[in-house]
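Student: Could we go through this structure together? I would like to start with the helices and then move on to the charged pairs.

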Amino acid sequence: MTTVAVLGTGPAGLAATKALLEHGLRPVVFEAAEQPFGMWAGPGRGAWSDFARTNISRYSCAFSDLAWPAGSEVFPIRRDMAGYLRLYAETFGLLRCVRFGARVDTALANRGGGWLVGWHGADGPGSETFDHVVIATGFLTEPFRPPFPGLADFAGAVAHSADCDTAADLRTRFAGKRVLVVGAAFSGTEIAAKLASCAQVTVTLRHPMWFVPRLVPATDGGPAYPLDLVIYNRRAENPLLHDAPVFLRRVGGDPGAASPELAFDRDRELPRTIIISDDFLDLVRAGAVAVKRSGSLHFDAGGAAFADGLRQAFDAVILCTGFTSSLPFLDRAVLDAIGFDGSDRLQPKLLHRTMFHPDLPGLAFVGHYRGPYVPVMELQARWLARILAGELPMPDRAAMLAGIAEERELREQQPRPQFPHADFVAMADSLAREAGVFPELPADDPLLPRVTQGPLVPAQFRLSGPYARPELAHALIAATPAPILDDPPEARPAGPGRRVLDLLRGHWSIERRIEPGGHFKGNASFTPRSAGSLLYRESGRLVLDNGTELNGDNSYVYALRNGDIEISFAEGLSRGKQFIDISLPADDTVNFPIVSADRHLCRLDTYEAMFRLENADFFTMTYVVRGPKKGYVSRSAYRRLGSGR
């Protein structure tokens, strides 16, 4: 009988245990604590508070063959997650495999094969040799406390987000105090929101980022859905992969409108970091939370100095600076083999599919990647279980080395992404194919559109393959809201913005006069880009006032946002940044002419714009531009080419 040791009883450890049992193996599971469920078990175990909700909904944060109990919150808190994990463990009889209170000290490769696992428990030390070891201890384990200059001299309280367990505790410790929250990621924005009503809160961040709520509309004017159901799908026009800046601005807005400290950098690419927060921008906009962008922090006994020289007094500091990885039970040779760098909070290990290394037979990792994790953990576990049961071959050495090279490229990528495996759907689907559980449905199956066009949900990986449960999978998939499929844009009143976009679609001639400047003549096209946006491209010939002739082209995105049309740059360093808006009347009727005026600061220049749609075949766009180095008027007349749209 093949013997397998599993380290950890969080979601990854439970998924590995269940998959191994399904395939006839008998795992021995080691858990250092007296209770299971890893970071979700309670205070001090990693999930940093009892009030913060998951960033992905219960529809995605689930195992493939277990529904959440009826009436569960859409976005669970720690208590809910622990309850769901207990239900999973009890439903499938997983806890009988667990040795509680057994802290693994060593996992050493034997020369003759297998792995020697050593541990300490209530009965003292123990050791046992296993054919395989599955490390499911979690990606981030240790609170990260940056060595800020002078922090040791600060006279006030210093805490890490990991120490902020309850809302009541936060109020008790920090009410009435001047609190500096270091970091504006998930924990920083949640803690700031909880303290806003009882303390004077300042949040400091190094770089600009997007702030997006948990519930967002899939299309302009449509109903709100959990963000994960909107962006994690197999649709060709997935907005986060193909139209991210336009999509993020539509659902989250421009952070710079809440505070200049949150504004995106001019002449730089838009940020890649997305923070999910329902309240943060509103609190900043209302003045309930202050923000300060700073590339450095220097502390003294009474407060902190920012990079621009401003110094503020504070009574307390909360470090919302994240976590690092730790693998204390592996020896130096193994750590070197996997390129382990515990300080790298993005890509601390280099493993094929974040699981295997060709020089470490018998050792595998499950759940050691940064991203939306439960479906990926489970797919990794199911693939691994089939390999250990002899049903599938281990990836060959060449494949593993190629996979590790890809992971190294992700580690070295600059600028560093927020998540190394950002395409969650592609990662899950590739693992499903390896495990032989990619969803296969006949062409006449009524569920097919929900699988190919709707959100990716774990139950899709129980439709076919080993241990499929198609009836349960069908029920779980059908019960999951499906943005656009459940509420297609054509089923709703079009609204003026959508009507104007529809009228703009097609090809146009352009006559443009720039005063002073010259005359431009060319063509333009508006082509569909996504469900609520058009790509505008123009090209032609510009004749300057001095007779010089130049070729010219431009491209913009026209996208619906809150009923209006936002025009943003489509290419270059300004890609995704707002250029101008077309504000439209609130009623649904389209009576010609449709006129919109807007004034917008674009970099250092002020643009006053006038859009006038005379009829379905003619419109004008006028810009009056004023700035330190600019001053001109641009008048463009567009006439439709051909009669069809």
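Student: Is helix 7 (residues 244-252) largely enclosed or not, and how many of its residues are buried?

Tutor: Nine of the nine residues of helix 7 are buried, so this helix is largely enclosed by the rest of the structure. Buried means under 20% relative accessible area, exposed over 50%, and partly exposed in between, with a 1.4 Å probe and protein chains only; helices (H or I, at least four residues) and strands (E, at least two) are DSSP runs, numbered from the N terminus. This is a predicted model, in which local features need pLDDT of at least 70 and side-chain atom pairs count only at pLDDT 80 or more, while totals for chains, interfaces and linings use all residues. Residues are numbered from 1 along each chain as its sequence is written, and side-chain values use heavy atoms, with hydrogens and water left out.

Student: Which residues of helix 7 are the buried ones, and what comes just after the helix?

Tutor: The buried residues include Phe247 and Leu248, as well as Arg249 and Arg250. Just after helix 7, glycine 253 takes a positive phi of about 85°.

Student: Which residues have the most contacts inside the largest nonpolar core?

Tutor: They are Phe247, Phe356, Leu384 and Phe424, in a core of 75 residues; a nonpolar core is a set of buried Ala, Val, Leu, Ile, Met, Phe, Trp, Tyr and Cys residues joined through side-chain atoms within 4.5 Å. Helix 10 (residues 374-388) supplies the largest share of this core, 10 residues. Another core, of 33 residues, lies apart from it and has Ile514, Phe520, Ile582 and Tyr623 among its members.

Student: Changing topic, how many salt bridges does a search of the whole structure find?

Tutor: The search finds 38 salt bridges, each one a side-chain nitrogen of Lys or Arg within 4 Å of a carboxyl oxygen of Asp or Glu. In one of them, the side chains of arginine 462 and glutamate 22 meet at 3.5 Å, N to O. That pair links distant parts of the chain, 440 residues apart, with arginine 462 in the loop between helix 13 and helix 14 and glutamate 22 in helix 1 (residues 11-22).

Student: Are arginine 462 and glutamate 22 buried or exposed?

Tutor: Both arginine 462 and glutamate 22 are buried.

Student: And what about arginine 397 and aspartate 359?

Tutor: Their side chains meet in a salt bridge at 2.8 Å, N to O. This pair also links distant parts of the chain, since arginine 397 is in helix 11 and aspartate 359 in the loop between helix 9 and strand 22, 38 residues apart. Arginine 397 is partly exposed, with a relative accessible area of 45%, and aspartate 359 is partly exposed, with a relative accessible area of 45%.

Student: Which residues do salt bridges with shared partners join into one network?

Tutor: That network is made of Lys18, Glu22, Asp65, Glu378 and Arg462.

Student: Where are the cis peptide bonds of proline 415 and proline 516?

Tutor: One cis bond joins glutamine 414 and proline 415, with omega about -10°, and proline 415 is in the loop between helix 11 (397-412) and helix 12 (424-435). Another joins glutamate 515 and proline 516, where omega is about -10°, and proline 516 lies in the loop between strand 23 (506-515) and strand 24 (518-530).
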